[in-house]
Amino acid sequence: TGSGGPGTGGPGVGPGPGSGPPGPGDGVGVGGTGSRSCPGACVRCGVGCRSTADLLGRSTRGSPAPVPGFRRSISLAGGGLRTGRTAPPYPGGLSGSFGATPFRGPYIASMTSARTLTSVACAAALALTVPASALAVPRSPGATAAAVAPAGRPLPTRMADTGGGSQLITARARDLRSTTGTVSWWQRYGKRWHRVGTAPARFGVNGLAEGRTREQGTSTTPTGLYDLPFAFGLAKAPAGTTVPYRPVRPSSWWCQDNASAVYNRWVDPRPPDCAADEAERLAGYPAQYSRALVIGFNYHRPVRGRGAGIFLHVNGRGATAGCVSVPARAMARIVSWVKPAARPHMAIGTDSGPTAITRY
């Protein structure tokens, strides 16, 4: 037996209810990160930490402690090993293969500690005398949203560009028609990227569109790699915030008037050449703009008609009008985490195709 370190579980997913005309917000989603505790590598049979946990079909979400009331068994096709007495099945069952020998069975034997989990895993491996690398583990339903490649490389290492800084936010959707996906934030230490957090996300009511050719008024989220000029909100800046944070007042607007000299800019107050019906009064969206980060899409050299007012903000009721939104707690964490000295950027894209996030 041995001891292993902590690991990271997958993102929680949960788009919430809500309907109505397109707006800047999104449906409430409930989710979060899980945690994973590994029983460690076995010094007798050489089963690695990750393989041991997967062999037993352990849940990697929530508490690593055994779930009371359930007992497990290992049942191997064609004979081999069976332990324990029949009991109510544990959610998920046990399945996989050792080399050419598949296995599937209910959870039966009582497991009271991580040490016991490791012992059973080692016994199975010894009985079959195959390396842990032969173990095939079914992917979870949410595996398509995972931010690592099969080889285990973090997403930023597979991207064409990350902006040159040491902080990166990725917003990833399944395809251009998707209105939901995953936002993750990453920190680089030396040459290695580490995922700091992840949250369920929503995109435009009409999905996503290539940022270089996007048209204003299409309610699509622009793909691409962008900087994050500043943050704003009706709520106070979270503790530890260092990014410039502008408080929203009743006179704060975002101009989207193509004829205005302040197109795609924060204005306070709104100037005469920016029509009220071509601008967004920020205080009018108290939930969505409780906290937000400006995404630098079409910001530094605005192209009229391309689009204005693209933010990362808090969830609203339905799909957004082109922004990216996340739950309030995630937004607060991101705002306090972003550091201007780290030159943070945000990449928006799809899993594959011409708008794949790895192409930006």
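Here are a few notes on this predicted model, going from the whole chain down to some cysteines and one helix.

1. Overall make-up. Strands dominate the element list here: the protein has 20 strands and three helices. Of its 360 residues, 48% are buried.

2. Contacts and surface. If you take the contacts with a sequence separation of 6 or more, 63% of them link residues 24 or more positions apart. The exposed area of the protein is about 16,900 Å², and 54% of that comes from carbon and sulfur atoms.

3. The disulfide. The count is one disulfide, and the partners are cysteine 255 and cysteine 274, with 2.3 Å between their sulfur atoms. That falls inside the 2.5 Å cut-off for the sulfur pair. The S-S torsion is about 120°, so you can call this disulfide right-handed.

4. What the disulfide joins. Cysteine 255 sits in strand β14 (residues 253-255), while cysteine 274 is in the loop between β15 (265-267) and β16 (279-281), so the pair ties together parts 19 residues apart in sequence. Both cysteine 255 and cysteine 274 are buried.

5. Another cysteine to look at. Cysteine 323 has a relative accessible area of 3%; buried means under 20%, so cysteine 323 counts as buried.

6. Helix α3. This one covers residues 328-337, and seven of its ten residues are buried, so the rest of the structure largely encloses it. If you want to pick them out on screen, the buried ones are Ala330, Met331, Ala332, Ile334, Val335, Ser336 and Trp337.

Terms used. Residues are numbered from 1 along each chain as its sequence is written. This is a predicted model: local features need pLDDT of at least 70, side-chain atom pairs count only at pLDDT 80 or more; totals for chains, interfaces and linings use all residues. Side-chain values use heavy atoms; hydrogens and water are left out. Buried means under 20% relative accessible area, exposed over 50%, partly exposed in between (1.4 Å probe, protein chains only). Helices (H or I, at least four residues) and strands (E, at least two) are DSSP runs, numbered from the N terminus. Contact means heavy atoms within 4.5 Å. Accessible areas come from the Shrake-Rupley method with a 1.4 Å probe; for residues, only the protein chains shown count as cover.
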